[in-house]
Every structure is written in structure tokens, then in C-alpha cells.
Amino acid sequence: MTTKQTVEDHEGHVHGPDCNHHHEPQAPIIRQGAKIGRNDVCPCGSSKKYKKCCGK
């Protein structure tokens with residue numbers, strides 16, 4: 001094993017510094033609604049701040 005960390009995917013291929021196959025580019029994640037701020041009211045309806053409710 002090399003000193004650099006390698007990751008093994010579901011096919012058993014080890015991805016390391018000498019990985020020579022091409023990966024499919026990932027599509028960016030697109031948020032459907034507006035971003036919820038930590039101090040905004042939680043959208044679950046608890047009337048707590050998001051950071052104290054579902055944002056944990």
C-alpha cells in the first residue's frame with residue numbers, strides 16, 4: 001500500500017495517484033427552493049430556529 005490514501009469503489013478498482021481510467025463527470029446539485037439560513041424559522045413547523053431543530 002502506498003502512503004497516499006486510496007479509495008476502492010463498488011467494482012473493486014482502487015483509485016489512487018496512478019488511476020488511468022476516466023470517470024463520468026458529475027452533474028451539479030441544484031437546490032429547488034431558497035437556501036435556509038441557520039437563524040431562519042425551521043420549515044418543519046416547529047417554530048424553532050433551523051439550527052436548533054432540523055439543522056443539527
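1. In which segment is Ser47 found? In this predicted model, Ser47 lies in the segment that follows strand 2, the strand formed by residues 14-15. The phi angle of Ser47 is near 65°, which is a positive value in a residue other than glycine. As background, most residues other than glycine have a negative phi. Ser47 counts as exposed, with a relative accessibility of 66%.

2. On secondary structure and burial, the protein chain has two strands and zero helices. Of its 56 residues, 4% count as buried. The chain exposes about 5,600 Å², and carbon and sulfur atoms supply 51% of that area. A reader who wants to judge the fold should also note the contact pattern: among contacts between residues at least 6 apart in sequence, 0% join residues at least 24 apart.

3. The cysteines deserve a separate comment, beginning with the fact that the structure holds zero disulfides. Cys44 is in no disulfide, and the nearest cysteine sulfur to it, that of Cys42, is 3.6 Å away. Cys54 is likewise in no disulfide, its nearest cysteine sulfur being that of Cys42, at 3.6 Å. A disulfide is counted here when a pair of cysteine sulfur atoms lies within 2.5 Å, so the 3.6 Å between the sulfur of Cys44 and that of Cys42 does not qualify, and the 3.6 Å between the sulfur of Cys54 and that of Cys42 does not qualify either. As to accessibility, Cys44 is partly exposed, with a relative accessible area of 48%, and Cys54 also counts as partly exposed, at 48% relative accessibility.

4. Is Ile36 buried, partly exposed or exposed? Ile36 is partly exposed, with a relative accessible area of 36%, and this residue is found in the segment after strand 2. When residues up to four places away in sequence are not counted, Ile36 touches Pro43 and Tyr50. Ile36 and Lys51 are 15 residues apart in sequence, and their C-alpha atoms are 9.8 Å apart in space.

5. Two of the residues discussed above share a location, since Ile36 is found in the segment after strand 2 and Ser47 is found in the segment after strand 2 as well. Their accessibility classes are given separately: Ile36 is partly exposed, whereas Ser47 is exposed.

Key
Residues are numbered from 1 along each chain as its sequence is written. This is a predicted model: local features need pLDDT of at least 70, side-chain atom pairs count only at pLDDT 80 or more; totals for chains, interfaces and linings use all residues. Side-chain values use heavy atoms; hydrogens and water are left out. Helices (H or I, at least four residues) and strands (E, at least two) are DSSP runs, numbered from the N terminus. Buried means under 20% relative accessible area, exposed over 50%, partly exposed in between (1.4 Å probe, protein chains only). Contact means heavy atoms within 4.5 Å. Accessible areas come from the Shrake-Rupley method with a 1.4 Å probe; for residues, only the protein chains shown count as cover.
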